[in-house]
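Colleague: Could you take me through this model, beginning with any empty space inside it and then turning to the strands and the annotated site?

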Amino acid sequence: MATPLWAIPQDWRDALADDLAEPYVADLRRFLDRQQAAGRTVHPDGPSIFRALELTPLDSVRAVILGQDPYHGPGQAHGLSFSVPPGVPPPPSLKNIFKELGSDLGLPTPAHGLLDHWARQGVLLLNSVLTVENGQAGSHRNQGWERLTDAIVRLVSDRAEPSAFLLWGSPAQRKAALVDRTRHLVLEAPHPSPLSAYRGFFGCRHFSRTNAFLEASGRPPIDWALPDCAPPA
């Protein structure tokens, strides 16, 4: 598992070099190796863990959508926060994202839950924690992922180009302090889960607010409309 797990794209690897050399990263790798040795199923699979970094190079980031941890059901997580592979029904949180997307921008509900189209435009679809045990939400918290994703958020914040940070849920919102608000837009809302979406996620209008900020900053807006047919993941 170690080889595909740490196949981080070179641009991100170079930028994260100091953190990747820290003891906490070695501890995280050992934790994941122990999970594998114990026969536990971890989502997403090793090659997909850093898919968000693969599809969204550091110098292309225009927005960051930050969630909590990956979906913990079989076949759901594939390395992009809130996204699911083709053929997998959108989970409730993603359905609520689509409801807000429709309310905010008048877009129809997509026929699939693959968010590659956003990622390839510079939307970094990142979770605070990048792995989870099957059926055990939150099971890989406090093992080092949070420090690594803190470093990723700081890298985006340190860039001169203005970006929008969409922080959904308490774990995501804890990263707000890492963002330079003099250059970037920080948008916070409850997690889109059915347990919390009605407490402020619905009506947050983060999609239109992101585009308004980008355009005011001289950057292209995001095309939030997903293609009708999902390409292969």
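Modeller: A cavity here is a set of grid points where a 1.4 Å probe fits but cannot get out, and a volume is the space filled by probe spheres set on those points. Please keep in mind throughout that this is a predicted model.

Colleague: What volume does the largest cavity have?

Modeller: Rolling a probe the size of a water molecule over the atoms shows where empty space is left. With a threshold of 30 Å³ or more, the structure holds one cavity. The volume of the largest cavity comes to about 40 Å³.

Colleague: Which element gives the most to the lining of the largest cavity?

Modeller: The lining consists of Ile49, Phe50, Ala52, Leu53, Gly79, Leu125, Leu126, Asn127 and Leu130. Two or more of the lining residues come from each of helix H5 (51–55) and strand E3 (123–127). By character, the lining divides into seven nonpolar residues, two polar and no charged. The element that gives the most, with three residues, is E3.

Colleague: Why is E3 described as largely enclosed by the rest of the structure?

Modeller: In a regular strand the side chains alternate between the two faces of the sheet. Val123, Leu125 and Asn127 lie on one side of E3, with Leu124 and Leu126 on the other, and all of them are buried. E3 is therefore largely enclosed by the rest of the structure, the number of its buried residues being five of five.

Colleague: Which residue of E5 stands opposite Leu66?

Modeller: Strand E2, which carries Leu66, is mostly covered, with five of its five residues buried; Ala63, Ile65 and Gly67 point one way from E2, while Val64 and Leu66 point the other way. E2 pairs with E3 in the parallel sense over five bridges, and there Leu66 stands opposite Leu126. E2 also pairs in the parallel sense with strand E5 (residues 164–168), over four bridges. In E5, the residue opposite Leu66 is Leu167.

Colleague: Does Asp69, which UniProt lists for "active site" in an unreviewed entry, count as buried or exposed?

Modeller: Asp69 is found in the loop between strand E2 (63–67) and helix H6 (92–105). Leaving aside residues up to four places away in sequence, Asp69 touches Asn127, Val129, Val132, Ala137, Gly138 and Ser139. Buried means under 20% relative accessible area. Because its relative accessibility is 15%, Asp69 counts as buried.

Technical notes: Residues are numbered from 1 along each chain as its sequence is written. This is a predicted model: local features need pLDDT of at least 70, side-chain atom pairs count only at pLDDT 80 or more; totals for chains, interfaces and linings use all residues. Side-chain values use heavy atoms; hydrogens and water are left out. Buried means under 20% relative accessible area, exposed over 50%, partly exposed in between (1.4 Å probe, protein chains only). Contact means heavy atoms within 4.5 Å. On a 1 Å grid over the protein atoms alone, a cavity is a set of points where a 1.4 Å probe fits but cannot get out, and a pocket is an open set with protein on both sides within 12 Å along at least five of seven lines; lining residues have an atom within 4 Å of a point. Ala, Val, Leu, Ile, Met, Phe, Trp, Tyr, Cys and Pro count as nonpolar, Asp, Glu, Lys and Arg as charged, and the others, Gly among them, as polar. Two strands pair if DSSP finds at least two bridges between them.
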